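Q: Before we discuss any particular feature, could you show me the sequence and the model, and then take me through how each kind of feature should be read?

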Amino acid sequence: MKMRTALLVVSLLAMAGCVSQPSRFGGSTNTEQAAKANADLGFEYMRQGDYPRALSKLRKALEQAPHEPQAH
């Protein structure tokens with residue numbers, strides 16, 4: 001019984017350690033990267049003359065990161 005309890009405690013501590021570590025791929029960074037990618041795509045579509053697709057990508061970039069100057 002002691003062995004099971006010890007194993008349970010060690011497992012819970014290991015899982016808690018995993019949860020408390022911040023991910024280097026955090027939500028805001030991914031959102032900002034996605035917004036930048038959509039803005040870049042929007043600019044490229046504009047350059048090619050595909051304005052409806054460009055507008056769609058630029059709007060998506062604004063939704064993802066409204067504070068990003070590149071999206072504006």
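A: Let us begin with confidence: pLDDT is the predictor's confidence in each residue, on a scale from 0 to 100. What you see is a predicted model, and the protein averages a pLDDT of 79, with 67% of the residues scoring at least 70.

Q: Which elements have the lowest and the highest mean pLDDT?
A: Helix 1, residues 2–20, has the lowest mean pLDDT, 63, whereas helix 3 has the highest, 95. Over residues 19–23 the pLDDT is below 50, and this stretch has zero contacts in the model beyond near neighbours in sequence. Where pLDDT is low, the predicted coordinates should not be read in detail.

Q: How many helices and strands does the secondary structure come to?
A: There are three helices and zero strands, and along the sequence the pattern reads α-α-α. Of the contacts between residues at least 6 apart in sequence, 37% join residues at least 24 apart.

Q: What share of the residues is buried?
A: A residue counts as buried when its relative accessible area is under 20%, and in this protein of 72 residues the buried ones make up 14%. The accessible surface comes to about 5800 Å², and 62% of that surface belongs to carbon and sulfur atoms.

Q: Which residues form the largest nonpolar core?
A: A nonpolar core joins buried residues of nonpolar types through their side-chain atoms, and here the largest such core has six members, A35, A39, L58, A61, A65 and A71. Helix 2 (27–48) and helix 3 (51–64) are the elements that give two or more residues to this core. Within the core, A61 touches A35, A39 and A71, and A61 also touches N38, when residues up to four places away in sequence are not counted.

Q: Is N38 in helix 2 buried or exposed, and what is N38 in contact with?
A: N38, which lies in helix 2, counts as buried because its relative accessible area is 8%, under the 20% cut-off. Leaving aside neighbours within four places in sequence, N38 is in contact with K57, L58, K60, A61 and Q64.

Q: Turning to the surface, which residues make the nonpolar patch of about 300 Å²?
A: The patch is made by F43, M46 and Y51. M46 is found in helix 2, and M46 counts as partly exposed because its relative accessibility is 34%, a value that falls between the 20% limit for buried and the 50% limit for exposed.

Definitions and conventions
Residues numbered from 1 in each chain as written. Predicted model: local features only at pLDDT ≥ 70, side-chain atom pairs only at ≥ 80, totals over all residues. Heavy atoms only, no water. Core = buried A, V, L, I, M, F, W, Y, C linked by side-chain atoms within 4.5 Å. Buried < 20%, exposed > 50% of the residue type's maximum accessible area, 1.4 Å probe, protein only. Helix = DSSP H or I, 4+ residues; strand = E, 2+ residues; numbered from the N terminus. Contact = heavy atoms within 4.5 Å. Patch = residues over 30% accessible without salt bridge, like charges linked within 9 Å, V, L, I, M, F, W, Y side chains within 5 Å. Areas by Shrake-Rupley, 256 points an atom, 1.4 Å probe, with all protein chains shown as cover. Salt bridge = Lys/Arg side-chain N within 4 Å of Asp/Glu carboxyl O.
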